[in-house]
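User: Please take a close look at one part of this model, a buried polar site in a loop, and follow its contacts outward into the rest of the fold.

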Amino acid sequence: MTHALRGLYPEIEPYETGQLDVGDGHTIYFERCGTKGATPAVFLHGGPGGGCSAVHRRLFDPARYDVLLFDQRGCGRSTPNASLTANTTWHLVEDIERLRGLMGVEKWLVFGGSWGSTLALAYAETHPQRTSALIVRGIYTLTRAELDWYYQFGVSEMFPEKWERFVAPIPESERGDMIAAYRKRLTGDDRDEQLRAARAWSLWEGETITLLPDEKLSHDFGRDDFAIAFARIENHFFSHAGWLEEDQLI
């Protein structure tokens, strides 16, 4: 017997949107979709710095779930854009708790993919009593081996032409640590250099997260407004291994 693969649920619009002041100068955008009062869930997007999108709403059956989606600090519709100040895993964990309180639920299903899987695990371990269920996919936990595979040697062998475009802005003498080399440029004072580095960083990921080319991803990841937040925030987290090591301060 064969079964047809189920696609995404139909497109829906939020029934509520808002901005929440979470302190530290940050305001985060959130939206609620589905059926108010149904099984509560929270969606944690990837990146870090990727933001949530309309397609993420379609991962949940709107008749069964009351889903809260939000743009993490510094990205998407949250402000200030591309800010690295007070922006760590542990700030985000507490933002999720604030949003749970705003939603008025005792516990909820936590769903995360890619970086969102790491954030989901960090939240669930910190607040197990608030997590009714945990769904993670495309698990990426920011280990040194994972980061080196993506930004030093590994994925470079799968997409050699794209890798050449990624390393092009970096002098050969600095290519032994691509994350550090990009950090210097993404946090420097030269705005034009920031944008060049941001586009290169963002397109490297946007064009290698799928095996086959995806023109829409290339377009979206190449936009200046997306690229600058995505590249700065992702590099910021990767430079510190997500603040997940025991000897790192919150």
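Analyst:

**A buried asparagine and its surroundings**

Asn87 has a relative accessibility of 1% and so counts as buried. The model is a predicted one. Asn87 sits in the loop between S4 and H2. A polar atom of the Asn87 side chain lies 3.0 Å from the backbone oxygen of Ser83. Leaving out residues up to four places away in sequence, Asn87 touches Arg73, Gly74, Leu92, Ile233, His236, Phe237 and Trp243.

One of these contacts, Arg73, leads to the hairpin. The Arg73 side chain meets that of Asp24 in a salt bridge, with N to O at 3.0 Å. Arg73 lies in the loop between strand S4 (65-70) and helix H2 (89-103), and Asp24 in the loop between S1 and S2, so the salt bridge ties together parts that are 49 residues apart in sequence. The two partners can be set side by side: Arg73 is buried, at 1% relative accessibility, whereas Asp24 is partly exposed, with a relative accessible area of 47%.

Asp24 belongs to the hairpin of S1 and S2, which has two residues between the strands, and takes a positive phi near 60° there. Strand S1 (residues 16-23) pairs with strand S2 (residues 26-34) in the antiparallel sense, over seven bridges. Within this pairing, Glu16 stands opposite Arg32 of S2.

The pair of Arg73 and Asp24 can be placed among the other charged contacts. The whole structure has 20 salt bridges. A network of salt bridges links Glu13, Glu31, Arg57, Asp71 and Arg77. Arg185 and Glu193 also form a salt bridge, with their closest N and O atoms 4.0 Å apart; Arg185 is buried at 8% relative accessibility, and Glu193 is partly exposed at 29%. In the salt bridge of Arg223 with Asp225, the closest N and O atoms are 3.1 Å apart. Arg223 is partly exposed at 33% relative accessibility, as is Asp225 at 48%.

Ile233, His236 and Phe237 are among the residues that Asn87 touches, and their numbers place them in helix H10 (residues 224-239), which gives the largest nonpolar core its largest share, nine residues. That core has 57 residues, and those with the most contacts inside it are Phe70, Trp108, Tyr151, Phe166, Tyr182, Trp201 and Phe238. Phe166 touches Tyr151, Met178, Tyr182, Ala200, Trp201 and Trp204, again not counting residues up to four places away in sequence. Apart from this core lies another, of ten residues, among them Ala41, Phe43, Tyr65 and Leu109.

Helix H8 also packs against H10. The buried residues of H8 pack against helix H4 (144-151), helix H5 (155-158), helix H6 (160-167), helix H7 (178-186), helix H9 (215-222) and H10. Those buried residues are Gln194, Leu195, Ala197, Ala198, Ala200, Trp201, Ser202, Trp204, Glu205 and Gly206. At 1.5 Å a residue, the 16 residues of H8 (residues 191-206) should span 22 Å, which agrees with the 22 Å between its end C-alpha atoms. Asp190 caps the N-terminal end of H8, with a side-chain oxygen 3.0 Å from the backbone nitrogen of Asp192.

Notes. Residues numbered from 1 in each chain as written. Predicted model: local features only at pLDDT ≥ 70, side-chain atom pairs only at ≥ 80, totals over all residues. Heavy atoms only, no water. Pairing = 2+ DSSP bridges. Helix = DSSP H or I, 4+ residues; strand = E, 2+ residues; numbered from the N terminus. Buried < 20%, exposed > 50% of the residue type's maximum accessible area, 1.4 Å probe, protein only. Core = buried A, V, L, I, M, F, W, Y, C linked by side-chain atoms within 4.5 Å. Contact = heavy atoms within 4.5 Å. Expected span 1.5 Å × (residues − 1). Polar contact = N/O pair within 3.5 Å; in protein donor to acceptor, adjacent residues only side chain to side chain.
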